[in-house]
Amino acid sequence: MPAPSDPTARAHPGQDEFIRVRGARENNLRDVDVDVPRDRIVAFTGVSGSGKSSLAFGTVFAEAQRRFLESVAPYARRLIAQGSTPHVDSITGLPPAVALQQRRGAPSSRSTVGTLTTLSNSMRMLYSRAGTYPAGAERLESDSFSPNTAAGACPRCHGLGVAHEVTEASAVHDDGLSIRDGAITAWPGAWQGKNLRDVTAALGYDIDRPWRELSRADRDWLLFTEEQPVVEVHPKRDRVAKPYKGRFWSARQFVMHTLADSQSETQRTKVLRFVESGPCGLCGGTGLTRAALAVTVAGRTIAAMNGLPLTVLADTLRPIAAVTDAAPATSRASSGERTEVAVAIAGDLLRRVEVLTGLGLGYLSLDRATPTLSPGETQRLRIATQLRSGLFGVVYVLDEPSAGLHPADAESLTAVLEDLRASGNSVFVVEHDMRIVRRADWIVDVGPGAGSAGGTVLYSGPVDGLAEVEASVTRRFLDPRGSGGPSRVPRTPVGTLELRGVSRHNLRDLDVDLPLGVMTAVTGVSGSGKSSLVGGVLPATATEHPLVDRVVQVDQKPIGRTPRSNLATYTGLFDAVRAAFAATDTARERGWGAGRFSFNVAGGRCEVCQGEGSVSVELLFLPGSWAPCPECHGSRYTAETLEVRWHGASIADVLAMTVDEAAPFLAELPAAARGLEALRQVGLGYLRLGQPAPELSGGEAQRIKLATELQRARTGHTLYLLDEPTTGLHPADVELLTEQLSRLTDAGNTVVVVEHAMDVVAHADHVVDMGPAGGDHGGQVVASGTPEEVAASGESRTAPYLRAQLGR
């Protein structure tokens with residue numbers, strides 16, 4: 001649709017100020033034409049599944065990336081992960097683009113805040129070039145200060161900081177047994193264990209004597225020796241077996257060999273019972289070599305520096321960066337901290353760290369593992385990295401940058417977005433937080449509904465103009481005076497869950513009371529200890545209360561890691577669908593059961609693609625790609641299986657339906673109907689039944705888990721724990737979710753939710769506000785009580801935002 005003129009647009013004579021998209025048909029987009037201004041903050045809004053991400057990421061960013069990669073040599077291009085070519089007729093006025101999407105990395109103890117932001121690279125360079133070395137020590141290369149490299153990793157723990165040690169206590173569980181009777185528990189069983197016992201006897205050791213009666217020297221040798229003598233064994237109890245050469249393995253050798261080389265996860269898990277794990281004694285848990293730990297800057301090792309909160313790190317670097325009489329880089333002074341190199345590196349580090357502290361992340365440290373970060377923290381770290389890149393004329397496409405952020409943190413985020421714009425860039429944000437949207441220069445509203453009911457640009461223009469578009473679901477929430485939702489009817493608690501002396505992460509000797517039988521919202525800025533309390537402490541302690549029969553933790557972990565896991569299989573409704581197809585006349589005539597209609601087992605699935613629906617295509621000097629299976633054309637099933645019809649649809653047709661489309665179609669199947677209705681109640685009507693699990697966001701995965709719980713029989717006295725369930729939800733969908741949480745509570749259950757959305761917090765019966773800040777400055781209960789009582793607190797950072805929400 002044509003874009004209204006923008007009187008604030010910057011004038012560049014002879015230059016078109018807009019990115020003009022024509023004929024966009026990606027996913028559910030309906031031949032969309034839209035003009036979007038450059039050099040502005042543009043918010044893409046609409047209900048979940050409306051098509052806004054398909055427009056911003058699937059079309060605009062994908063086309064920008066495709067054009068950039070066309071300039072890359074084919075051989076190099078094959079090394080770069082590429083997306084598919086977007087379905088669009090044309091896009092003009094498109095600059096280079098950078099995408100920052102919400103995603104969690106694979107859990108890895110080697111990935112940290114420092115590696116994510118690349119600050120670790122500069123820190124290692126600082127120690128390499130400007131550190132204070134021991135007298136006579138040679139200068140180390142920067143890789144020697146990383147536990148992730150062969151040069152820097154501790155030789156004992158291989159850079160992990162955790163060592164697995166075999167001790168006598170872990171390898172011998174009953175010292176009253178003899179070796180023949182199995183005293184050395186860490187040795188394998190069956191024939192391999194018998195072989196080791198025979199080899200031990202051939203070496204001259206008494207295998208019938210109780211273990212405790214063997215000499216210390218013999219016991220230590222049997223358990224810990226690195227020797228592997230080979231002896232001739234003469235089996236005495238087997239007349240058939242002939243003499244053979246047997247090799248000896250000590251208990252430690254066998255366990256460590258299994259941990260390092262075994263391909264069997266079962267075997268590795270089994271031998272872990274025979275080790276004691278703890279901080280590596282050689283490196284002190286740092287994962288670094290002793291040579292690297294001997295180098296200091298400002299009197300601290302690199303491990304100590306990486307462990308400092310970013311606010312303290314900035315204070316430590318500031319004096320080094322401020323040196324005015326620095327020696328030339330060629331100086332061979334004993335300390336390099338007063339050289340030009342030190343000043344330059346420390347200055348760059350300081351500027352980048354200050355960007356992070358300005359985003360409210362000063363409580364993090366460089367050695368904080370990334371799997372422990374919230375999506376909001378990860379997003380801000382990546383935004384800060386881009387802010388310091390100094391790029392100009394780039395389109396930044398951000399996926400819900402406010403997700404997981406407290407309203408106070410969202411304000412600093414808005415300032416960062418404005419800095420990116422002021423640097424000459426365009427900022428496109430797919431956003432549900434109306435506070436961010438109101439601060440945008442332009443809004444593109446997509447809808448009106450989700451899935452097939454969306455895909456249309458309802459409005460593209462200045463933010464104020466959306467108020468005139470009646471078809472927009474967003475416009476009601478954009479008015480700061482409205483969107484208060486239905487009034488709350490307070491519930492009366494049936495008991496209290498008392499937690500005393502809680503200590504976990506930054507929670508220190510915390511006392512907190514949580515009412516039972518009501519809905520409680522746990523609030524606070526990022527890093528204040530909310531998730532540690534709700535996700536770490538409550539699951540382990542709540543079951544001890546007589547009024548809590550069951551604890552259900554609904555988190556944002558994926559519902560599956562492969563495309564074979566999808567919405568229909570996880571919720572269980574696909575079992576009812578397959579049974580319905582198996583009950584058709586055609587299936588019965590052919591003798592097919594429900595298993596025939598599974599794409600995970602041989603029989604009904606397409607064997608060319610093994611039921612995945614797509615095949616990998618390898619291209620010489622070009623990146624490999626996935627294409628629809630040439631045999632089943634993406635249906636996952638054989639042609640014979642697809643001949644079976646239920647009410648005119650094949651099994652592949654059902655998987656291609658959205659939840660909203662499938663609800664009336666499968667209404668006569670009670671088990672499927674219950675699951676579909678629960679999914680619609682949590683705002684997931686736009687998802688396809690066969691949507692692969694890896695394509696689902698963390699928020700969608702969490703709501704699928706919640707829907708699975710909603711369709712179960714409710715017995716009451718269940719404690720439901722949810723971590724930011726509104727992540728990725730439009731305010732209209734948040735209202736639906738809040739209603740479902742209220743129904744769970746009204747059924748006699750207790751709901752505890754970690755939440756930043758003030759409309760959900762305002763509808764809770766009880767609020768626990770954590771703080772006052774993040775990290776070491778958090779972990780306390782700042783305010784507790786009804787929403788009105790917390791809103792009146794003078795110490796709570798949540799109070800002003802909750803007060804404003806209650807006033808609507």
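Reader: What covers the buried residues of helix 6?

Author: This is a predicted model. Helix 6 spans residues 190-202. Its buried residues are G193, N195, L196, D198, V199 and T200. What covers them includes helix 7 (216-224), strand 7 (230-233) and strand 8 (244-247).

Reader: How far does helix 6 reach from its first C-alpha to its last?

Author: Helix 6 has 13 residues. At 1.5 Å a residue, 18 Å is expected. The reach in the model is close to that, at 19 Å.

Reader: Which residue just after helix 6 takes a positive phi?

Author: Helix 6 covers residues 190-202. Just after it, a phi of about 100° appears, and the residue is G204.

Reader: Which strands stand at the edges of the open sheet of 6 strands?

Author: The strand order is 17-20-21-16-22-23, with mixed pairing. Two of these strands have a single partner strand each, so one side of each is left without a neighbour in the sheet. They are strand 17 (550-554) and strand 23 (780-785).

Reader: How many bridges join strand 16 to strand 22?

Author: Strands of a sheet can pair parallel or antiparallel, through backbone hydrogen bonds. Strand 16 (residues 519-523) and strand 22 (residues 766-771) run parallel. In one of the pairings, T520 has H766 as its bridge partner. The number of bridges joining the two strands is 4.

Reader: At what angle does helix 27 run to strand 21?

Author: Helix 27 takes in residues 731-746. It lies across strand 16, strand 20 (718-723) and strand 21 (750-754). To strand 21 it runs at about 145°.

Reader: Is K705 buried or exposed?

Author: K705 lies in helix 26 (residues 698-710). Leaving aside neighbours within four places in sequence, its contacts include V554, D555, Y570 and P558. Its relative accessible area is 12%. The cut-off for buried is under 20%, so K705 is buried.

Reader: Which residues touch the most other members of the largest nonpolar core?

Author: This core has 73 residues. Its largest share, 7 residues, comes from helix 20 (residues 573-582). The residues touching the most other members are L666, L689 and L706.

Reader: Which residues does L706 touch, not counting those up to four places away in sequence?

Author: L706 belongs to the largest nonpolar core. It also lies within the span of helix 26, residues 698-710. With close sequence neighbours left out, L706 touches V554, V682, L722, L737, L741 and L744.

Reader: How many residues are in the second, separate core?

Author: Among its members are V437, A440, L478 and A732. The count for this second core is 67 residues.

Methods. Residues numbered from 1 in each chain as written. Predicted model: local features only at pLDDT ≥ 70, side-chain atom pairs only at ≥ 80, totals over all residues. Heavy atoms only, no water. Pairing = 2+ DSSP bridges. Contact = heavy atoms within 4.5 Å. Axes fitted to C-alpha atoms, helices over the stretch in contact; angles between N-to-C directions. Buried < 20%, exposed > 50% of the residue type's maximum accessible area, 1.4 Å probe, protein only. Expected span 1.5 Å × (residues − 1). Core = buried A, V, L, I, M, F, W, Y, C linked by side-chain atoms within 4.5 Å.
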